[in-house]
Amino acid sequence: AQGLRGGSEADAQGLRGGAEADAPPPPRVMFVCRANSCRSQMAHGLFNKLTDGSSGASCGFRASELNPHAVAVMAEIGIDISEHTSNAIAEYDPSAFDAIICVCGCAAEVPGEWKVGHFEDWSLDDPPELDPGDRSVYRRVRDELKERIEALAKRLHVAGCGLGLGPLRGGQAAAAGGVRDEVKEYYGKVLQKSADLQTNACCTAVELPQEVKAAIGKVHPEVVSKYYGCGLCVPEALSGLSVLDLGCGSGRDCYVLAQLVGESGSVVGVDMTDEQLSTARQHVAWHADAFGYARPNTDFKQGYIEDLKGIGLGDETFDVVVSNCVVNLSPDKAAVLREAFRVLKAGGEMYFSDVYADRRVPPHLRDDPLLYGECLGG
């Protein structure tokens, strides 16, 4: 189970060389891209750093030369990939790996036998394509890989799940401690009320339905004052249903939904920001009393919307999933959608509003902390 049909065994042994009997070996992960020269090689190095071993490997549809800029920006954070070799996918046996990660958006080109088990497609930018000599581009992609690999490790239940590299030097978001820390800081400490927003991107000219408008009028003023969404999308018939709000913030939409589902329905809000959840939880009893309910029908959980299983939300639990201007803030949007699908009951529906771009966002805008927090970057 070394993962190679005839190439270098060192690239993908899949075991740590005599792992202790009481500790299972880390999962074996293959990172795939077209040429195996840059993105997949950086991912390979980061994953092996995280697992403190050699359970990661990388390959391409063809072998190529290792990109020297990729080697250099990895060396900046203490990871040496200079001895990596570039390998073709035909050299490997897919059954030797627990997960296959396509890092370049080329999932359609990956042979079918490689997609049988755990398969993900990350669609990361290609630094040489954007600017072959600009190392800041390589650093940004490296830092995004770090975030994604740490999230992947949690999904694969890798012990530790932290690269322990501290703040990276490539991009303003990473310099402040990563995408999630940036978002927590912005929504927990920088923004104190809706009026603190620096742009008007999160707004719409569409008139709210009268029923929703009336429900907002019954929400506690402090909760409303800390609303940072761009529009609540909900179906008309919600009575008695169970609803999940991804990125609930201070709880405004949850308390609106609590009225629409009625006392026999239920609403769960998930958020990662302490300050926002504190506001939401503080007013649970107040809203139940205001709505005339014998007991609250709202619950707020702290966690990541990419890993709902990690906070105890089981399969096929909810009738409806909603989200209001939050998916764009996630470093792993595909994971958000997979988890939403998992927790929805058969025939359940997802409704979300968000901010979209119809073209690539330039790096200096994409990595700007203010624009990221205001949903214009990221």
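Q: What makes the pair formed by the side chains of His283 and Glu222 a polar contact?
A: The distance is 2.8 Å. A polar contact is a pair of N or O atoms within 3.5 Å; within protein, one must be able to donate a hydrogen and the other to accept it, and residues adjacent in sequence count only if both atoms are side-chain atoms. The value of 2.8 Å lies within 3.5 Å, so the pair counts.

Q: What kind of model is this?
A: It is a predicted model: local features need pLDDT of at least 70, side-chain atom pairs count only at pLDDT 80 or more, and totals for chains, interfaces and linings use all residues. Residues are numbered from 1 along each chain as its sequence is written, and side-chain values use heavy atoms, with hydrogens and water left out.

Q: Why does His283 count as buried or exposed?
A: Its relative accessibility is 6%. Buried means under 20% relative accessible area, exposed over 50%, and partly exposed in between (1.4 Å probe, protein chains only). The 6% is under 20%, so His283 is buried.

Q: Which residues is His283 in contact with, leaving aside its neighbours within four places in sequence?
A: They are His220, Glu222, Val223 and Tyr255. Contact means heavy atoms within 4.5 Å.

Q: Where is the place of His283?
A: His283 sits in the loop between H10 and helix H11 (284-290). Helices (H or I, at least four residues) and strands (E, at least two) are DSSP runs, numbered from the N terminus. The protein has 14 helices and nine strands.

Q: How do you know that E5 is largely enclosed by the rest of the structure?
A: Five of its five residues are buried, so the label fits. Ser242, Leu244 and Leu246 point one way, while Val243 and Asp245 point the other way.

Q: What makes strands E5 and E6 a pair?
A: Two strands pair if DSSP finds at least two bridges between them. E5 (residues 242-246) and E6 (residues 266-271) have five bridges, in the parallel sense. That meets the rule, so they pair. Leu244 stands opposite Val268, and Val243 stands opposite Val267.

Q: Why are E7 and E9 said to stand at the edges?
A: The open sheet runs E7-E6-E5-E8-E9, with parallel pairing. E7 (298-302) and E9 (344-353) each have a single partner strand, so one side of each lacks a neighbour in the sheet. The twist averages 20 degrees from one strand to the next.

Q: What is the direction of helix H10 relative to that of E7?
A: The two directions make about 165 degrees. Axes are lines fitted to C-alpha atoms, for helices over the stretch in contact, and angles run from 0 to 180 degrees between N-to-C directions. H10 (residues 274-282) packs on the sheet, touching E6 and E7.

Q: Why is the pair of Phe291 and Tyr293 called edge-to-face?
A: Rings of Phe, Tyr and Trp (its six-membered ring) pair if their centres lie within 6.5 Å; planes under 30 degrees apart count as stacked, over 60 as edge-to-face and the rest as tilted. Here the centres are 5.7 Å apart and the planes stand at 65 degrees, so edge-to-face is right. Phe291 and Tyr293 are both buried.

Q: What makes Arg252 a charge over the ring of Tyr227?
A: Arg252 lies over the face of Tyr227, at 3.6 Å from the ring centre. The rule asks for NZ of Lys or CZ of Arg within 6 Å of the ring centre and within 35 degrees of the ring normal. The 3.6 Å fits the distance limit.
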